[in-house]
Amino acid sequence: MKFTAIATALLAGSTSAFVATKSPSSSSTALQANIAVFGASGLTAQECVYQALKDGDSVFGLTRNPANVVVPKGSGGADADKPIVDDKLTVIGGDVTNAADVAKVFENDIDGVIVALGGKTSDVGDSMLTDGTNNIISAMKAKGVKRMAVVTSIGAGDSKDQAPFAFKILMMTVMKKIFNDKNNQEKAVEESGLEYCIVRPGGLTVDAPTGVINVIDGEAGSIPRADVAQFCLEAVKDAEFPYIGKAPCISSVGGTSWVKDRSAAARGQA
């Protein structure tokens with residue numbers, strides 16, 4: 001993939017715009033891949049599963065609730081909430097904190113991994129994100145799988161100052177435990193030695209995908225889960241993805257623009 005950087009004075013010269021476009025002759029995302037999705041029944045993970053299948057990929061999902069792997073509201077349109085029926089989808093019922101369950105996913109040849117875990121700490125425990133991610137990292141290393149995208153949140157790690165003020169209050173109070181887990185999860189990923197992208201979205205919605213993702217330096221706005229999924233899929237499928245080894249904050253407004261070329265040529269169809 002070739003990327004074209006367009007330097008533009010935005011916000012009084014404090015931010016530059018970056019527009020990524022695919023070259024048809026070098027697009028790695030036109031190729032079909034085997035994608036593992038952990039937390040497959042979650043709202044963002046549903047988008048990852050659905051969009052990957054639409055791209056012709058094979059998907060292997062792990063979730064405690066297989067029946068909840070349904071067509072997402074954002075990308076699914078009128079089919080939203082219907083069961084996803086696709087020969088290329090394998091859903092495994094299991095717990096990410098159980099290494100044996102995680103290993104079942106890697107009984108298949110996996111090309112890339114998306115970790116989109118979630119849940120209330122009262123339901124899943126105070127360290128599910130970290131423990132589960134460590135199990136995934138260990139399994140990836142054992143099988144030689146190198147590329148992963150991990151969805152955390154704006155406000156995690158060194159992005160605290162990018163969270164809106166009201167959200168910061170929640171982070172320090174009712175969400176303190178979950179953010180402690182997210183921070184430890186990010187640390188585990190950063191120290192893994194794998195080709196990772198930690199994805200920190202702003203306020204998540206179930207709106208239809210826009211196809212435009214802004215990588216921001218300032219305070220985050222909202223973003224559809226469908227666009228987060230698109231970013232994650234590119235992160236694990238594109239050999240030249242520009243945010244490997246980084247933890248970009250993404251939003252629908254402001255900052256650095258990242259645009260996917262959805263043309264037939266970019267998909268290797270022309």
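Which helices and strands each supply at least two residues of the lining of the largest pocket? In this predicted model, the elements that do so are helix H1 (43–54), strand E4, helix H4 (121–124), helix H5 (128–143), helix H7 (176–190) and strand E9 (203–205). The legends below take up the overall fold, this pocket and then four individual residues.

**View 1. Overview of the predicted protein and its secondary structure.** The protein has 270 residues, of which 50% are buried, and its secondary structure comes to eight helices and 13 strands. Among contacts in the protein with a separation of 6 or more, 72% are made between residues 24 or more positions apart. The surface that the protein exposes comes to about 12,000 Å², and carbon and sulfur atoms supply 51% of that area.

**View 2. The largest pocket and the residues that line it.** The space in the largest pocket is about 1,000 Å³. Its lining is formed by 43 residues, and those closest to the centre of the pocket are Ala116, Leu117, Gly118, Gly119 and Lys182. Helix H7 contributes the largest share of the lining, namely four residues, while H1, E4, H4, H5 and E9 are likewise among the elements that each supply at least two. Sorted by class, the lining of the largest pocket consists of 20 nonpolar, 17 polar and six charged residues.

**View 3. Thr63 in strand E4 and its contacts.** Thr63 lies in strand E4, which covers residues 58–63, and E4 is also one of the elements that supply at least two residues of the pocket lining. Thr63 counts as buried because its relative accessibility is 5%, which falls under the 20% cut-off. A polar contact of 2.7 Å joins the side chain of Thr63 to the side chain of Ser41. When residues up to four places away in sequence are not counted, Thr63 touches Ala40, Ser41, Val69, Val91, Ile92, Gly93 and Gly94.

**View 4. Met175 in the loop between helices H6 and H7.** Met175 is found in the loop that runs between helix H6 (165–172) and H7, and with a relative accessibility of 24% Met175 counts as partly exposed. If neighbours within four places in sequence are left aside, Met175 is in contact with Phe167 and Leu170. The C-alpha atoms of Met175 and Lys120 are separated by 9.4 Å, although these two residues are 55 residues apart along the chain.

**View 5. Ser192 in the loop between helix H7 and strand E8.** Ser192 lies in the loop between H7 and strand E8 (195–201), and Ser192 is buried because its relative accessible area is 6%. The side chain of Ser192 reaches the backbone nitrogen of Leu194 at 3.1 Å. Apart from its neighbours within four places in sequence, Ser192 is in contact with Ile137 and Lys141.

**View 6. Asp81 and its positive phi in the loop between helix H2 and strand E5.** Asp81 is placed in the loop between helix H2 (73–76) and strand E5 (89–93). Most residues other than glycine have a negative phi. Asp81, which is not a glycine, nevertheless has a positive phi of about 80°. At a relative accessibility of 45%, Asp81 counts as partly exposed.

Notes:
Residues are numbered from 1 along each chain as its sequence is written. This is a predicted model: local features need pLDDT of at least 70, side-chain atom pairs count only at pLDDT 80 or more; totals for chains, interfaces and linings use all residues. Side-chain values use heavy atoms; hydrogens and water are left out. Buried means under 20% relative accessible area, exposed over 50%, partly exposed in between (1.4 Å probe, protein chains only). A polar contact is a pair of N or O atoms within 3.5 Å; within protein, one must be able to donate a hydrogen and the other to accept it, and residues adjacent in sequence count only if both atoms are side-chain atoms. Contact means heavy atoms within 4.5 Å. On a 1 Å grid over the protein atoms alone, a cavity is a set of points where a 1.4 Å probe fits but cannot get out, and a pocket is an open set with protein on both sides within 12 Å along at least five of seven lines; lining residues have an atom within 4 Å of a point. Grid points are joined across faces, edges and corners, and a volume is the space filled by probe spheres set on the points. Ala, Val, Leu, Ile, Met, Phe, Trp, Tyr, Cys and Pro count as nonpolar, Asp, Glu, Lys and Arg as charged, and the others, Gly among them, as polar. Accessible areas come from the Shrake-Rupley method with a 1.4 Å probe; for residues, only the protein chains shown count as cover.
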